[in-house]
Amino acid sequence: MLNYYFSCWMMLSLGAFAVLPFLYRFVSVLYSQIRLLVSLNSENQKYFATPSTHWIPWMKKHVLYSPLFRVRHNREFQISEAINVGTLPTRFQTFFLLGYVTSNVAFCTYMIDFSDHTTMLNELRNRSGVMATVNMIPLILMAARNNPLVGLLGISFDSFNLIHRWLGRIVVIEALTHVISYLVGKVGKAGWGPVKEGITSSPFIMPGFVAICAFTFILLHSPSAIRHAFYETFLLLHILAAAVAIAGVWYHLAAMPDLALWLCFLRNAILLWGTDRAIRLARILYRNVGRKMTKATVEALPGDATRVTIRMARPWTLKPGQHLYLYMPKVALWTSHPFTITWSEDEQHIKLGDEKLPMNRQDIVHQTDRTMSLIIRRRTGFTNALFKKAYDSPNKTFTTTVLAEGPYGKIDTLGSYGTVVLVAGGVGITHPVPYIRELVEGYANGTVATRRVTLIWVIQTPEHLEWIRPWMTKILAMEKRRDVLKILLFVTRPKSTKEIHSPSSTVQMFPGRPNFNTLLNMEIEGKMGSMVVTVCGGGSLSDDVRKAVRAKQDVANIDFVEEAFSW
């Protein structure tokens with residue numbers, strides 16, 4: 001019964017960890033709504049321009065926005081150009097992970113009688129097995145695409161993915177502790193004979209042995225270097241091994257009536273997994289299957305990128321920050337990949353009446369299709385195969401049937417900020433474009449508090465401008481755009497100085513990398529109201545922007561939003 005109480009306390013402790021982010025999210029949303037209402041008709045917005053207290057900037061600088069050590073967070077540790085070994089968590093993520101690891105160690109060892117060797121092994125075996133089973137509930141929840149905590153806590157799927165990986169390590173270590181405790185006690189008492197017999201014939205030991213083999217395989221094939229090098233293969237093997245491990249634990253527990261209590265925890269974990277999969281399947285069928293199937297036009301672009309324009313059977317209204325998972329059986333049969341939705345618009349097609357020429361406007365039927373567009377940079381695996389297929393097709397374009405699963409993502413509303421700075425590196429431009437469109441449109445309509453929007457885009461060559469040229473042309477033609485939007489382009493590898501030219505005072509181009517400290521100082525000097533800086537790009541770029549924002553916490557009211565997806 002003591003183990004049951006510890007299991008309940010473990011779940012309560014996990015819930016307690018979630019209380020602080022939930023309260024912070026609630027207060028932030030409430031504060032942003034108040035700030036929006038107060039600032040809508042105010043031009044200077046002075047009340048929100050500076051921090052109201054000293055402890056909030058300190059908390060942002062040293063806890064919420066802080067990397068684990070000095071600067072490095074999203075920049076990967078690389079052994080070579082092809083092999084990297086992951087990234088460092090933030091300081092806040094580290095506090096959570098250390099707290100959860102500590103609580104697991106405490107629950108596994110508290111009130112165990114270490115004075116007697118046999119008793120200690122039995123109690124440690126039971127406790128570690130129980131904790132491994134209980135932790136499967138949050139382990140599966142953190143990996144779910146339909147995790148409700150993403151919206152409730154305002155924490156990105158990327159952060160939950162990080163927690164999932166660490167919870168997986170905890171579960172495997174506890175499972176190994178469970179098995180080692182059993183082996184030490186059994187072998188020390190009766191030798192290896194009963195162990196071999198149990199593995200080959202016992203309905204209790206055999207599934208447990210299968211489960212620990214699957215757990216060990218998951219641990220060994222999950223390091224960052226292997227995930228990045230063979231992601232599609234890794235994902236398939238990861239799901240299969242997880243299914244084998246869960247099935248092994250189920251039959252292991254079901255074989256002993258005394259352990260039926262822990263089947264409830266495992267059943268809840270399986271229910272979470274099944275619910276997530278059912279919701280995903282329902283989304284796919286509803287969004288893509290109807291009178292017509294979802295189609296996509298794929299176009300190869302300069303700079304090793306593709307533009308994918310999706311025409312869905314049942315599209316949704318795009319909100320900035322949303323992403324979808326794209327299935328393209330013609331290129332990759334089983335896998336799906338996440339991509340930020342860059343643009344959405346309605347396309348009108350004229351359909352003529354049957355068997356007659358149109359005599360007036362009433363005879364012409366306007367058919368509207370909503371399209372959603374993605375920009376996909378060529379890397380390895382799926383993205384490489386996609387680019388090659390498009391590049392080798394006639395006119396560098398092909399059309400195929402696809403499935404789009406979504407929408408997903410943590411929605412960050414920026415309309416309550418007086419000043420918005422959007423930083424993008426390369427294909428990271430896919431994240432700020434929908435925000436720019438929303439803010440410029442909101443400024444013209446008087447529905448946002450934003451008075452200054454600055455886009456800082458770092459690209460390697462000017463040909464990367466072709467990725468978003470059709471959409472940026474529409475944004476630059478929007479009403480009152482010149483009053484609110486400024487675009488700064490930084491080209492790091494220009495072929496010649498002739499490529500660097502500024503079309504206007506509001507669209508400027510520079511050679512080299514930007515100095516974010518200098519740029520933020522300029523924005524702070526002319527800012528209105530509170531300020532937010534968002535970044536989407538490579539790890540080094542994100543870390544540089546994070547460092548600059550942290551350094552300005554004492555002089556301005558600045559929030560920081562990082563868009564990233566690690567795998």
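**View 1. An open sheet of six parallel strands**. In this predicted model, the strands follow the order 12-11-10-9-13-14; strands are DSSP runs (E, at least two residues), helices are H or I runs of at least four, and both are numbered from the N terminus. Two strands count as paired if DSSP finds at least two bridges between them. Strand 12 (507-511) and strand 14 (558-562) are the edges, each pairing on one side only. From one strand to the next, the twist averages 15 degrees.

**View 2. Where strand 13 meets strand 14**. Strand 13 (residues 531-536) runs parallel to strand 14, joined by five bridges. Look for Val-535, whose bridge partner in strand 14 is Glu-562.

**View 3. Helices 17 and 18 against the strands**. Helix 17 (residues 516-526) packs on the sheet and touches strands 9, 10, 11, 13 and 14 (contact: heavy atoms within 4.5 Å). Its direction makes about 170 degrees with that of strand 10; axes are lines fitted to C-alpha atoms, for helices over the stretch in contact, with angles from 0 to 180 degrees between N-to-C directions. Helix 18 (residues 539-551) lies across strands 9, 10, 13 and 14, at about 165 degrees to strand 14.

**View 4. Val-27 in helix 1**. Helix 1 spans residues 2-39. Val-27 counts as exposed because its relative accessibility is 52% (exposed is over 50%, buried under 20%, partly exposed in between; 1.4 Å probe, protein chains only).

Residues are numbered from 1 along each chain as its sequence is written. Local features need pLDDT of at least 70, side-chain atom pairs count only at pLDDT 80 or more, totals for chains, interfaces and linings use all residues, and side-chain values use heavy atoms, leaving out hydrogens and water.
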